[in-house]
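The exercises below are meant to be worked with the sequence and the coordinates open side by side. Each one sets a task and then follows it with a solution in steps.

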Amino acid sequence: MSEGAEGYTESFGMQWLRHSRTQLDSFTGLKLSEERLFATTGWPRDMRGQRILEAGCGAGRFTEILCKTGAAVTAFDASVAVEANRRNNGHYQNLALLRADILNPPFAEGSFEKVLCLGVLQHTPDPEASFHSLVRFVKPGGEIVADVYRKSLTALMCWKYLLRPVTRRLPPQLLYNVISASAPVLVPITAALRRLGGPALARLSPMVEYSRFGLASEVNFDWAVLDTFDMYSPRYDRPQSVPGAKKWLERAGLEGEVFPGGNGVIIRARIPESEARCRREAS
Ligand SMILES: C[S@@+](CC[C@H](N)C(=O)[O-])C[C@H]1O[C@@H](n2cnc3c(N)ncnc32)[C@H](O)[C@@H]1O
């Protein structure tokens with residue numbers, strides 16, 4: 001793995017080892033990960049007989065759901081998060097987990113019917129190059145689904161992009177301590193702002209919280225600390241517009257759909273069967 005990816009994902013390793021179970025449906029008792037995965041991909045719940053690659057799997061909130069579909073799942077991450085994922089999902093016989101860089105993972109081209117990449121591309125130095133790298137591993141006739149933060153005026157006018165020039169340079173442990181120490185005050189204030197004025201008022205707080213999803217209050221507290229750290233700590237945060245992501249498909253010669261979703265821009269593309277011939281000729 002390139003030293004670069006190992007270095008710039010250090011904060012992710014730290015957050016996923018500390019909050020290894022926080023976002024797992026099997027921990028919250030809710031279906032937040034399951035619903036997001038199937039709404040984003042449109043994939044069926046039974047995928048026995050298919051091979052699925054999950055890029056940037058983190059602690060495995062989506063790995064867990066993929067494993068339950070019966071597919072043969074391969075999940076990788078550049079950071080030590082794979083150890084958290086192994087603790088969470090290592091008991092699934094249909095799962096292979098490894099540490100690798102999205103730009104250079106050790107797979108043969110065209111080996112997966114489906115490739116999934118959620119919440120990752122914006123955190124790589126070149127999101128388009130990362131997307132194109134993953135396309136290589138989809139079998140002709142197969143499908144890739146990814147999401148990436150959305151670039152829009154409202155998305156950019158928030159505390160995150162104002163504070164990140166400083167916070168992303170802080171030692172991760174220091175930043176984590178500051179966020180944890182602020183949470184007992186800021187989580188209730190943020191929730192109250194949302195109740196009073198919806199998302200617009202909640203944006204006045206530099207913290208995020210998810211009590212509206214029905215999380216138990218200790219889980220909401222943990223999730224708030226985790227996601228706030230996840231906003232301010234990553235070395236890279238490169239959101240994309242819908243037209244920009246459409247250009248990725250054009251440049252890759254792919255047909256598909258690009259549309260705004262709950263977690264940013266969703267990209268779904270199918271690799272044409274004719275690609276098999278092109279790849280054979282190129283090799
Ligand atoms: C915000 S987390 C999302 C994790 C998981 N997909 C989820 O939604 O819970 C982003 C993940 O991408 C991983 N990542 C970032 N750059 C990567 C790269 N070049 N190769 C592989 N993984 C990478 C990070 O280590 C981190 O675990």
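**Exercise 1. The ligand shell**

Task: Sort the residues of the shell around the ligand by class, and then state which residues come nearest and which elements contribute to the shell.

Solution: Sorted by class, the shell around the ligand holds 10 nonpolar, seven polar and four charged residues. The model used here is a predicted one, and every value in these solutions is to be read with that in mind. The next step is to look at distance: of the 21 residues around the ligand, those that come nearest are F12, G56, G58, A78 and G119. As for the elements, two or more residues of the shell are given by α2 (10-18) and by α5 (61-68).

**Exercise 2. The chain as a whole**

Task: Decide how the protein chain compares in compactness with a globular protein of its length.

Solution: Begin with the inventory, which comes to 13 helices and seven strands for the protein chain. The radius of gyration is 19 Å, and since the globule rule gives 19 Å for 283 residues, the two values are close, so the chain is as compact as a globular protein of that length. The spans of the C-alpha trace along its principal axes are about 60 × 40 × 35 Å. Turning to burial, 41% of the 283 residues count as buried. Finally, if one takes the contacts between residues at least 6 apart in sequence, 64% of them join residues at least 24 apart.

**Exercise 3. The order of the sheet**

Task: Write down the order of the strands in the sheet and identify which strands stand at the edges.

Solution: The open sheet is formed by seven strands in the order β3-β2-β1-β4-β5-β7-β6, with mixed pairing. At the edges stand β3 (95-99) and β6 (255-261), and because each has a single partner strand, one side of each is left without a neighbour in the sheet. On average, and with direction ignored, neighbouring strands of this sheet are turned by 15° against each other. Helix α6 (residues 81-89) packs on the sheet, where it touches β2 (72-77) and β3, and the direction of α6 makes about 160° with that of β3.

**Exercise 4. Parallel and antiparallel pairs**

Task: For the pairs β1 with β2, β4 with β5, β5 with β7, and β6 with β7, state whether the strands run parallel or antiparallel, and give a pair of facing residues for each.

Solution: As background, strands of a sheet pair through backbone hydrogen bonds, either parallel or antiparallel.

- Strand β1 (residues 51-55) pairs with β2 in the parallel sense over five bridges, and I52 stands opposite V73 in β2.
- Strands β4 (residues 112-117) and β5 (residues 138-148) run parallel and are joined by five bridges, with K114 opposite E143 in β5.
- Strands β5 and β7 run antiparallel and are joined by six bridges, and the bridge partner of E143 in β7 is R270.
- Strands β6 and β7 run antiparallel and are joined by seven bridges; F259 has I266 in β7 as its bridge partner, and the two strands form a hairpin with two residues between them.

On burial, five of the six residues of β2 are buried, so β2 is largely enclosed by the rest of the structure. For β7 five of the seven residues are buried, so β7 too is largely enclosed by the rest of the structure.

**Exercise 5. Two residues compared**

Task: Determine whether R270 and A191 are buried, partly exposed or exposed, and describe the surroundings of each.

Solution: R270 belongs to strand β7 (residues 264-270). It has 16 C-beta neighbours inside 10 Å, and because a residue needs 20 or more to be buried and 12 or fewer to be exposed, R270 counts as partly exposed. Residues up to four places away in sequence aside, R270 touches E143, E255 and G256, and E255 stands opposite R270 across the pairing with β7. By contrast, Q173 lies 97 residues from R270 along the chain, and their C-alpha atoms are separated by 41 Å.

A191 lies in helix α10 (residues 172-202). With 20 other C-beta atoms within 10 Å, A191 is buried. Outside its neighbours within four places in sequence, A191 is in contact with E209 and S211. The C-alpha atoms of A191 and A202, 11 residues apart in sequence, are 7.2 Å apart in space.

Definitions and conventions
Residues are numbered from 1 along each chain as its sequence is written. This is a predicted model: local features need pLDDT of at least 70, side-chain atom pairs count only at pLDDT 80 or more; totals for chains, interfaces and linings use all residues. Two strands pair if DSSP finds at least two bridges between them. Helices (H or I, at least four residues) and strands (E, at least two) are DSSP runs, numbered from the N terminus. Axes are lines fitted to C-alpha atoms, for helices over the stretch in contact, and angles run from 0 to 180 degrees between N-to-C directions. Two residues are in contact if their C-beta atoms, placed from the backbone, lie within 7 Å. A residue is near a molecule or strand if its C-beta atom, placed from the backbone, lies within 6 Å of it. Ala, Val, Leu, Ile, Met, Phe, Trp, Tyr, Cys and Pro count as nonpolar, Asp, Glu, Lys and Arg as charged, and the others, Gly among them, as polar. The radius of gyration is taken over C-alpha atoms; the globule rule is 2.2 Å times the number of residues to the power 0.38.
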